[in-house]
Amino acid sequence: MSEAADRLADVQAHIADAAKRAQRKTDEICLIAVSKTHDAAAIRPLIAAGQRHFGENRVQEAAAKWPELRAETTDVVIHLIGQLQSNKAEEAIALFDAIHSVDRSSLVQALAKACQKAGRQPRLFVQVNIGDEEQKGGCTVANLPALLAEAKDAGLAIDGLMAIPPADIEPAPFFALLNELAERHGLPLRSMGMSSDYETAVMLCATHVRVGTALFGLRD
Ligand SMILES: *Cc1c(COP(=O)(O)O)cnc(C)c1O
């Protein structure tokens with residue numbers, strides 16, 4: 001097996017273990033391989049090993065890499081997990097199958113317009129600033145109900161919530177809070193957990209985990 005296939009098998013085994021401990025089914029959890037900063041040559045071995053969901057944090061970078069990779073493997077699913085500027089909403093709708101970073105009113109309006117024009121809507125997650133950190137993206141916990149109501153009024157279907165917990169402290173309470181918020185608003189999807197904490201996230205009901213370093217090695 002290639003190194004990429006080894007790493008993938010390892011992450012999949014950890015997800016399966018965590019799911020089993022939480023009495024969940026492994027196929028309820030979507031592993032997103034976060035390929036930001038990695039080029040097509042680094043991505044192809046993972047595709048060859050069967051990985052299909054990938055995450056990128058910048059529109060420009062994804063636009064440069066994925067059309068070619070998509071032409072080679074038509075069933076890849078590309079997720080935008082980084083911040084999105086409203087003026088790139090149209091481009092993002094054309095490129096991505098899912099957007100995890102809906103976090104403010106102006107972006108809701110831009111996405112609603114772009115989806116209407118394109119006649120399609122990617123899967124959408126509202127990103128919540130779950131630790132109420134000043135520098136972090138995401139809608140505040142307090143503003144979540146209003147943003148969800150605005151999306152509904154604009155005709156956007158929101159499928160779930162996404163969060164990045166504060167660094168260097170135990171993430172479990174934040175995963176539990178995101179799960180509770182999703183439940184409260186009747187949203188089925190929860191995008192949470194990265195290389196250092198995806199097993200905890202799986203045990204706390206993540207449906208999508210976003211794993212970069214554990215699959216690709218350290219980024220520059
Ligand atoms: C980079 C990134 C990840 C992956 O982080 P790793 O620690 O490399 O697994 C997950 N989510 C978001 C939003 C990211 O930007």
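The ligand in this predicted model sits in the largest pocket. That pocket has a volume of about 300 Å³. Lining the largest pocket are 17 residues, and the closest to its centre are Lys36, Ile81, Met194, Arg210 and Arg219. By type, the lining splits into seven nonpolar, six polar and four charged residues.

Now for the ligand's own neighbours. Going along the chain, the residues around the ligand start with Val34, Lys36 and Ile81. Next come Met162 and Ile164, then Met194 and Ser195. A run from Arg210 through Val211 and Gly212 to Thr213 follows, and Arg219 finishes the list. Sorted by type, this shell holds six nonpolar, three polar and three charged residues.

Three of these neighbours are worth a closer look, each with an atom facing an oxygen atom of the ligand. Here is how they line up:

| Residue | Part of the residue | Distance to a ligand oxygen atom |
|---|---|---|
| Gly212 | polar backbone atom | 2.8 Å |
| Thr213 | polar side-chain atom | 2.5 Å |
| Arg219 | N or O atom in the side chain | 2.8 Å |

So how much of the ligand does the protein cover? On its own, the ligand has 390 Å² of accessible area, and the protein covers 88% of that.

Arg219 is a good residue to find in the structure, if you want a place to start: a side-chain N or O atom of Arg219 is 2.8 Å from a ligand oxygen atom, and Arg219 is also one of the lining residues closest to the centre of the largest pocket.

Definitions and conventions
Residues are numbered from 1 along each chain as its sequence is written. This is a predicted model: local features need pLDDT of at least 70, side-chain atom pairs count only at pLDDT 80 or more; totals for chains, interfaces and linings use all residues. Side-chain values use heavy atoms; hydrogens and water are left out. A residue is near a molecule or strand if one of its heavy atoms lies within 4 Å of it. A polar contact is a pair of N or O atoms within 3.5 Å; within protein, one must be able to donate a hydrogen and the other to accept it, and residues adjacent in sequence count only if both atoms are side-chain atoms. Accessible areas come from the Shrake-Rupley method with a 1.4 Å probe; for residues, only the protein chains shown count as cover. On a 1 Å grid over the protein atoms alone, a cavity is a set of points where a 1.4 Å probe fits but cannot get out, and a pocket is an open set with protein on both sides within 12 Å along at least five of seven lines; lining residues have an atom within 4 Å of a point. A molecule sits in a cavity or pocket if more than half of its atoms lie within 2 Å of its grid points. Ala, Val, Leu, Ile, Met, Phe, Trp, Tyr, Cys and Pro count as nonpolar, Asp, Glu, Lys and Arg as charged, and the others, Gly among them, as polar. Grid points are joined across faces, edges and corners, and a volume is the space filled by probe spheres set on the points.
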